[in-house]
Amino acid sequence: KMLDKLLFSDGADDVSFPLRPRRIVADVRKVMGAQDILCLDNGIYKLWFSRHYKTHSIGTFLLDNALATMGAGLPMAMAAKMVNPGKKVLAVAGDGGFMMNSQELETAVRYKIPVVILLLNDNAFGFIKWKQEGMKFGNFGMDLGNPDFVKYAESYGAFGLKVKKADELLPALEKGFKLAEKEKRPVLIE
């Protein structure tokens, strides 16, 4: 019972903004069914999801953990949705990793692949920046100047939603999945 509280309850209702990792994981878990598929790109959030996202079935939690390949989240989610059209499929990506393969939004639009992308934007290669700070390296080339991600998604013909406070994440995820399935297009939630 105590372990369940530590892993899956603590921080689940945090109202801080920018959103804290435990709240993000908890809200994602609330919207995803036991058989739905979560696809993680590579970033520091991977640690939080790996520790605090309770899985119920094999093949519902996908991540590329061998070489920490950035940019794998969206293509992985697209393939998972094509193989499992009746399941919700969510890609979670940081801004750095997402921009490495963001052009695949066009492919998802063209082939009507209704995935949802949760984009965690810290305007940096945050995980690398954190690791370099820990090794006492200076900050060089780790901060990013990003596009307006809602407009960016829309420019490909996808939908874009922006969360501006903690209590908006869960409704945005719910709306995103409904919209993606109804319109047969991807939805990006920043």
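**Strand 3, the nonpolar core and the salt bridges**

Strand 3 (residues 89-94) is mostly covered, with six of its six residues buried. The model described here is a predicted one. Two sets of side chains leave strand 3 in opposite directions. V89, A91 and A93 point one way, and L90, V92 and G94 point the other way. Both sets are buried.

Strand 3 has pairing partners in strand 1 and strand 4. Strand 1 (residues 37-40) runs parallel to strand 3, and four bridges join the two. Within this pairing, L40 has V92 of strand 3 as its bridge partner. Strand 4 (residues 116-120) also pairs with strand 3 in the parallel sense, over five bridges. Here G94 is matched with L120 of strand 4.

The nonpolar interior was examined next. In soluble globular proteins, nonpolar side chains tend to be buried together. The largest nonpolar core in this model has 52 residues. The residues with the most contacts inside this core are V28, F49, L90, V92, F98, L118 and I189. Helix 9 supplies the largest share of the core, six residues. Two of the residues with the most core contacts, L90 and V92, belong to the set of strand 3 that points the same way as G94.

I189 has a broad list of partners beyond its neighbours within four places in sequence. Among them are V116, I117, L118 and L119. L161 and V163 are also in contact with I189. A172, L173 and G176 complete the list.

Charged pairs were then considered. Side chains of opposite charge can pair when their charged atoms come close. The count for this model is nine salt bridges. One of them joins E190 to K162, with the closest N and O atoms 3.3 Å apart. E190 lies in the segment after strand 6 (187-189), and K162 lies in the loop between strand 5 (159-161) and helix 9 (169-183), so this pair ties together parts that are 28 residues apart in sequence. E190 is buried, at 15% relative accessible area. K162 is partly exposed, at 46%.

A salt bridge also links D27 and K30, where the closest N and O atoms are 3.7 Å apart. Both residues sit in helix 2 (residues 21-31), and they are separated by about one helical turn because they are three residues apart. D27 counts as buried, at 1% relative accessibility. The D27 and K30 pair is part of a network of salt bridges that also links R23 and D167.

R185 and E183 form another salt bridge, with a closest N to O distance of 3.8 Å. R185 is partly exposed, with a relative accessible area of 26%. E183 is partly exposed as well, at 33%.

A polar residue in a loop was also examined. T60 is found in the loop between helix 3 (45-52) and strand 2 (61-63). T60 has a relative accessible area of 2%, so T60 counts as buried. The side chain of T60 reaches the backbone oxygen of S57 at 2.7 Å. Leaving out residues up to four places away in sequence, T60 touches A34, Q35, D36, I37, L38 and T55. I37 and L38, two of these partners, fall within strand 1 (residues 37-40), which is joined to strand 3 by four bridges.

How values were computed: Residues are numbered from 1 along each chain as its sequence is written. This is a predicted model: local features need pLDDT of at least 70, side-chain atom pairs count only at pLDDT 80 or more; totals for chains, interfaces and linings use all residues. Side-chain values use heavy atoms; hydrogens and water are left out. Buried means under 20% relative accessible area, exposed over 50%, partly exposed in between (1.4 Å probe, protein chains only). A polar contact is a pair of N or O atoms within 3.5 Å; within protein, one must be able to donate a hydrogen and the other to accept it, and residues adjacent in sequence count only if both atoms are side-chain atoms. Contact means heavy atoms within 4.5 Å. A salt bridge is a side-chain nitrogen of Lys or Arg within 4 Å of a carboxyl oxygen of Asp or Glu. Two strands pair if DSSP finds at least two bridges between them. A nonpolar core is a set of buried Ala, Val, Leu, Ile, Met, Phe, Trp, Tyr and Cys residues joined through side-chain atoms within 4.5 Å.
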